[in-house]
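The exercises below ask you to read structural properties from a model and to justify each step. Work through each task before you turn to its solution.

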Amino acid sequence: MIDLRALREDPERLRASQRTRGEDPSIADQLLELDAGHRSALTRFETLRAEQKSVGRSVSKAPSEEREELLAKAKSLSTEVKEAEAEADRISGELDALLAKVPNLVEEGAPEGGVDDFEVLETVGEVPTFDFTPRDHLDLGEMLGAIDTERGAKVSGARFYFLTGVGAQLELALLNMAMNQAIEDGFTPMIPPVLVKPEAMEGTGFLGEHSDEVYHLEDDDLYLVGTSEVPLAAYHAGEILPVDTLPNRYIGWSSCFRREAGSYGKDTRGIIRVHQFNKVEMFVHTHPDQAHEEHKRLLAWERRMLDKLQLPYRIVDIAGGDLGTSAARKYDCEAWVPTQDAYRELTSTSNCTDFQARRLNIRYRAEDGKTRFAATLNGTLATTRWIVAILENHQREDGSVVVPEALRPYMGRDVLEPIHPAKT
């Protein structure tokens, strides 16, 4: 959640952020009104309680002729104190509920607008040209014996799939390569739980307007994560971290689950938009003053993976209206998908500043001995969807696929050869 003290000092910053997101800027004034009301109610409660205690102490010392009047006053004050406390609690509840709905403050410089208003920062590599009609990733996957969506649907329903043979090997190779790169860069490897408590999901900002995308196990009141960002963020919930240990950099490998609510009819072919996939995710807890530079480092690590796989891609700065609740700034790397004649998202890295840390109560002890909230960041280093770009960009006319050189030690082969004829 946002910092109320900072809001009091500079409410225009929240108003500007809300405008960038395409949201109502008047929420700043609603928060300030509730905040003032809460502080006023607290002051009244504390004043009345102090008076009640003073009267209570006077009763035993008062002469008998004054005691009855003092007892009556103490009784009256007791009622007033309870009413004042109830009023303070009521306003506090309203304030907390409204605060929970407010997204993070957008970083200055992020584009305004919605999903189509991103800014292309850089385009890297040349899109491939073919002297034949390229096949899409599903046709290639079926010829290679790598992807089986028909049996995935039979077993689990739409948007599920099997990765088989070289498909399974390709995903393991890709994710292992990502894990190794991160470990070499100083990240601590993690395999986190994929079922989390509501406070972990709420703390990371995934139970707001997009809660319909999350799988919930009602009998256990647990959530299936859509990204290992959730358990990795909550790993230090309620803790005070020594400042000299920051940044804490974790690299998590997990299965991820998304309902894809509202996306029906989109990307139904193949494995671009599915309900279950695997992902290697970078996550960092750091000093707030270092968050901006750390965000650049996460983007650089994502780019290095894409460069190793010889994929043409572009870097986009996501517009405020397309940012998630917790993100102050987000950069995506989108790889070229030949059969769609378009760039599609493969990685995303977000600077969440101290927004998640406030919700999860993750602090660090500063040099002056005081505790302050940490900053959190996340970034994708590899995921199942990358298989789409690898197959399509490195395909040959006969349906075989050249394995990028950097991936060959993990695959144990240079070329993926078809084992099934092309469909006619």
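**Exercise 1.** Among contacts in the protein between residues at least 6 apart in sequence, what percentage join residues at least 24 apart?

*Solution.* Begin with the ground rules: this is a predicted model, in which local features need pLDDT of at least 70 and side-chain atom pairs count only at pLDDT 80 or more, while totals for chains, interfaces and linings use all residues. Residues are numbered from 1 along each chain as its sequence is written, and side-chain values use heavy atoms, with hydrogens and water left out. Taking contact to mean heavy atoms within 4.5 Å, one finds that 72% of the contacts in question join residues at least 24 apart.

**Exercise 2.** Determine whether His287 is buried or exposed, and state where His287 is found.

*Solution.* First, place His287 in the loop between β10 (276-286) and α10 (291-308), where helices (H or I, at least four residues) and strands (E, at least two) are DSSP runs numbered from the N terminus. Next, apply the cut-offs, with buried meaning under 20% relative accessible area, exposed over 50% and partly exposed in between (1.4 Å probe, protein chains only). His287 counts as buried because its relative accessibility is 17%. Finally, leaving aside neighbours within four places in sequence, list the contacts of His287, which are Val243, Leu246, Tyr364 and Ala375.

**Exercise 3.** Classify Lys61 by its accessibility and locate Lys61 in the secondary structure.

*Solution.* Lys61 belongs to helix α3 (residues 27-61), and because its relative accessibility is 73%, Lys61 counts as exposed. For the protein as a whole, 49% of the 424 residues count as buried.
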